[in-house]
Every structure is written in structure tokens, then in C-alpha cells.
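Me: I'd like a close look at a single part of this model. Please start from one charged side chain, follow its partners, and then work outwards to the surroundings.

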Amino acid sequence: MMLEATGGVNTHKGAIFTLGLMCGAAGRMIPSEPGNEPIDLALWLKTCAELARNSIPQNGTATHGDTIRRDCGIGGIREELSAGLPSVFTIGLPALNKAKQMGLNLNDCCVYTLLKLISVVRDTNMIARGGLMLAE
């Protein structure tokens, strides 16, 4: 259905997979007696990593990410998820905190964080569409 709507391009496959895993991990963490306790981010991402390692097929239809992983040695979202999204801790949260310290509003904090992640994380979708120079 997505392929039909996008003219044969899987534009958001990685994002959909990532969000699905994150929602599944959050659902797994809901206590039997829910209260107002916030979800522990480190535990949530660890749960995401466990789900990813158990759900990512090792064989199947070749994707752009598979090709780039094989040809360039760039792990992409599979590697990032399986490791518990380390870029969230090492790049995303520090960028978000810096943006907050600069006094930016919430939208601008999020844009700043996204741009910082895009500038550092080697995204196989961007590489597939724009070439390896985007990752350097």
C-alpha cells in the first residue's frame, strides 16, 4: 500500500520500523498497575535493542541499507537499534540540552537536535539517495 502511494518508493520504512519498535518496547514496559512514573529512557532503549536483535531478519529481501552495509560497512538503523540507539545519548540528548541552554523554543530545540543528528549519524537512506559523500 505504501509503495502504491509513493510511486514505488519506501520513503519512511526505517522510521516506521523504528517507531514500531519503540512503541512495542514502551508497551512492554507498562507496569501491571500503571501510575504516573515516567519511563526510564535507558531501560526503554535497552528494551528497544532487545526487540531489534530478536526481530531483524538476517536474510530476506535486499534493501538499500543491506547494500550499503555490505558495500560500505555502514550499519544503518539496524545496527543503531540493535545497540540501543546510542546516538540518542551521545548526540541527540546533548544537542537538545544545548539548544535548551541557548533559550530556543521547543520547536527550534527539536530542529537543532534533528540537524545535529543528521550531520553526524550515517543514514543509509540518505546515502542511497544522495551518495556516500553525504555520510562523510
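**Arg 69 and its neighbourhood**

Reply: Arg 69 has a relative accessibility of 26%, so it counts as partly exposed. Before going further, keep in mind that this is a predicted model.

Which residue does Arg 69 pair with in a salt bridge? The partner is Asp 66, and the closest N and O atoms of the two are 2.4 Å apart. Both sit in helix H4, three residues apart, so about one helical turn separates them. As for the general geometry, an α-helix has 3.6 residues a turn, so residues three or four places apart point the same way.

Now for the acid's side of that pair. Is Asp 66 buried or exposed? It's buried: its relative accessible area is 18%, and the cut-off for buried is under 20%. Asp 66 has another salt bridge as well, this one with Arg 78, where the closest N and O atoms are 3.1 Å apart. Arg 78 belongs to helix H5 while Asp 66 belongs to helix H4, so this pair ties together parts that are 12 residues apart in sequence. Arg 78 has a relative accessibility of 23%, so it counts as partly exposed.

How many salt bridges turn up when the whole structure is searched? Three. Besides the two around Asp 66, there's one between Asp 71 and Arg 70, with their closest N and O atoms 3.0 Å apart. Asp 71 counts as exposed because its relative accessibility is 52%. Arg 70 is exposed too, with a relative accessible area of 60%. Through shared partners, salt bridges join Asp 66, Arg 69 and Arg 78 into one network.

Back to helix H4 itself, which spans residues 64–72. Asp 66 has company among the buried residues here, namely Gly 65 and Ile 68. What covers them? The cover includes helix H5 (76–82) and helix H8 (124–130). So helix H5 comes up in two ways: it holds Arg 78, the partner of Asp 66, and it helps cover the buried residues of H4. Right after H4 comes Gly 73, with a positive phi near 75°.

Stepping outwards, here's the fold that all this sits in. The protein has eight helices and zero strands, so if you read the elements from the N terminus on, you get α-α-α-α-α-α-α-α. It has 136 residues, of which 24% count as buried. Among contacts with a separation of 6 or more, 53% come from residues 24 or more positions apart. The accessible surface comes to about 9300 Å², and carbon and sulfur atoms account for 60% of it.

For a helix pair elsewhere, try H3 (residues 41–55) and H6 (residues 86–101). Their axes come within 12 Å and cross at roughly 135°, which means H3 is oblique to H6. On the H3 side the contact is made by Leu 41, Ala 42 and Leu 45, and on the H6 side by Val 88, Phe 89 and Leu 93.

Further along helix H6 you'll find Ala 99. Its relative accessibility is 0%, so it counts as buried. Leaving out residues up to four places away in sequence, Ala 99 touches Leu 104, Cys 109 and Tyr 112. For Tyr 112, which is 13 residues from Ala 99 along the chain, the C-alpha atoms of the two are separated by 6.7 Å.

Last stop, the nonpolar surface. Where does the nonpolar patch get most of its residues? Helix H7 (residues 106–120) gives the most, with four residues. The patch is made up of Val 111, Leu 114, Leu 115, Ile 118 and Met 126, and together they have about 410 Å² of accessible area. Ile 118, for one, lies in helix H7. At 36% relative accessibility, Ile 118 counts as partly exposed.

To circle back to where you asked me to start: Asp 66 is the buried acid, and Arg 69 and Arg 78 are joined with it in one salt-bridge network.

Technical notes
Residues are numbered from 1 along each chain as its sequence is written. This is a predicted model: local features need pLDDT of at least 70, side-chain atom pairs count only at pLDDT 80 or more; totals for chains, interfaces and linings use all residues. Side-chain values use heavy atoms; hydrogens and water are left out. Patches are made of residues with over 30% relative accessible area and no salt bridge: like charges are joined within 9 Å, nonpolar side chains (Val, Leu, Ile, Met, Phe, Trp, Tyr) within 5 Å. Accessible areas come from the Shrake-Rupley method with a 1.4 Å probe; for residues, only the protein chains shown count as cover. A salt bridge is a side-chain nitrogen of Lys or Arg within 4 Å of a carboxyl oxygen of Asp or Glu. Buried means under 20% relative accessible area, exposed over 50%, partly exposed in between (1.4 Å probe, protein chains only). Axes are lines fitted to C-alpha atoms, for helices over the stretch in contact, and angles run from 0 to 180 degrees between N-to-C directions. Angles under 35 degrees count as roughly parallel, over 145 as roughly antiparallel, 65 to 115 as roughly perpendicular and the rest as oblique. Contact means heavy atoms within 4.5 Å.
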